[in-house]
Amino acid sequence: MPVLRDLMEEFGHISRDDVATVADVLNLSVAEVHGVVSFYHDFRTTPPPAHTIALCRAEACQSVGGEQVFAETVAAHEGRDDVEVREVFCLGNCALGPSGMLDGRLHGRLDADRIAALTGDWR
Ligand code: FES
């Protein structure tokens with residue numbers, strides 16, 4: 001895990017070649033390393049887009065409209081290669097839901113208008 005986290009921190013993703021190299025160095029099978037990489041959502045196998053919106057889909061945020069915020073945000077950014085909208089499950093900000101991370105920064109009480117305002121300069 002520390003090696004995979006280091007690769008993510010350095011390169012933003014873990015390539016197929018990286019998986020093979022890690023497996024070789026740690027005397028593991030490629031399948032074992034790939035299994036870990038594909039299991040954890042924080043690991044990715046392709047370079048990240050310029051911007052990321054990670055919206056909470058856990059219970060507390062869903063109870064205050066998180067599902068609608070997610071759907072509206074996905075629709076608003078559909079077709080953009082520079083923005084990834086993804087789901088996460090609890091950011092520890094439950095009292096201020098719907099919560100999300102915009103380029104790694106935590107925000108609460110999100111709605112589609114607020115997200116649009118916060119990401120307006122991403123174009
Ligand atoms: S349930 Fe969304 S931050 Fe905890």
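This passage walks through the domains, one helix, the cysteines and the aromatic rings of a predicted model. Residues are numbered from 1 along each chain as its sequence is written, and side-chain values use heavy atoms, with hydrogens and water left out. Since the model is predicted, local features need pLDDT of at least 70 and side-chain atom pairs count only at pLDDT 80 or more, while totals for chains, interfaces and linings use all residues.

The protein is divided into domain 1 (2-39) and domain 2 (51-122), with bounds that come from an automatic or database domain assignment. Between the C-alpha centres of domain 1 and domain 2 there are 28 Å.

A good place to begin is helix α1, which spans residues 2-11. Helices (H or I, at least four residues) and strands (E, at least two) are DSSP runs, numbered from the N terminus. L4, L7 and M8 of α1 are buried, where buried means under 20% relative accessible area, exposed over 50%, and partly exposed in between (1.4 Å probe, protein chains only). Seen down the axis of α1, its buried residues fall within an arc of 100°, so they line one face of the helix; the arc is that of the directions from the helix axis to the C-beta atoms. E9 and E10, on the other side of α1, are exposed. The cover over the buried residues of α1 includes α2 (16-25) and α3 (30-39). Just after α1, G12 has a positive phi of about 85°.

In domain 2 (51-122), strand β1 (residues 51-56) contains T52. T52 is buried at a relative accessible area of 19%. Leaving aside residues up to four places away in sequence, T52 touches E84, R86, M101, L102, D103 and W122, a contact being heavy atoms within 4.5 Å.

What of the cysteines? C56 is buried at 2% relative accessibility, whereas C94 is partly exposed at 38%. The count of disulfides (pairs of cysteine sulfur atoms within 2.5 Å) is 0.

How many aromatic pairs does the structure hold? There are 2, counting rings of Phe, Tyr and Trp (its six-membered ring) whose centres lie within 6.5 Å; planes under 30 degrees apart count as stacked, over 60 as edge-to-face and the rest as tilted. The ring centres of F39 and Y40 are 4.9 Å apart and their planes stand at 85°, so this pair is edge-to-face. Y40 and F43 are also edge-to-face, at 6.1 Å centre to centre and 75° between the planes. These ring pairs join F39, Y40 and F43 into a cluster. Within this cluster, F39 is exposed at 59% relative accessibility, Y40 is partly exposed at 38%, and F43 is buried at 10%.
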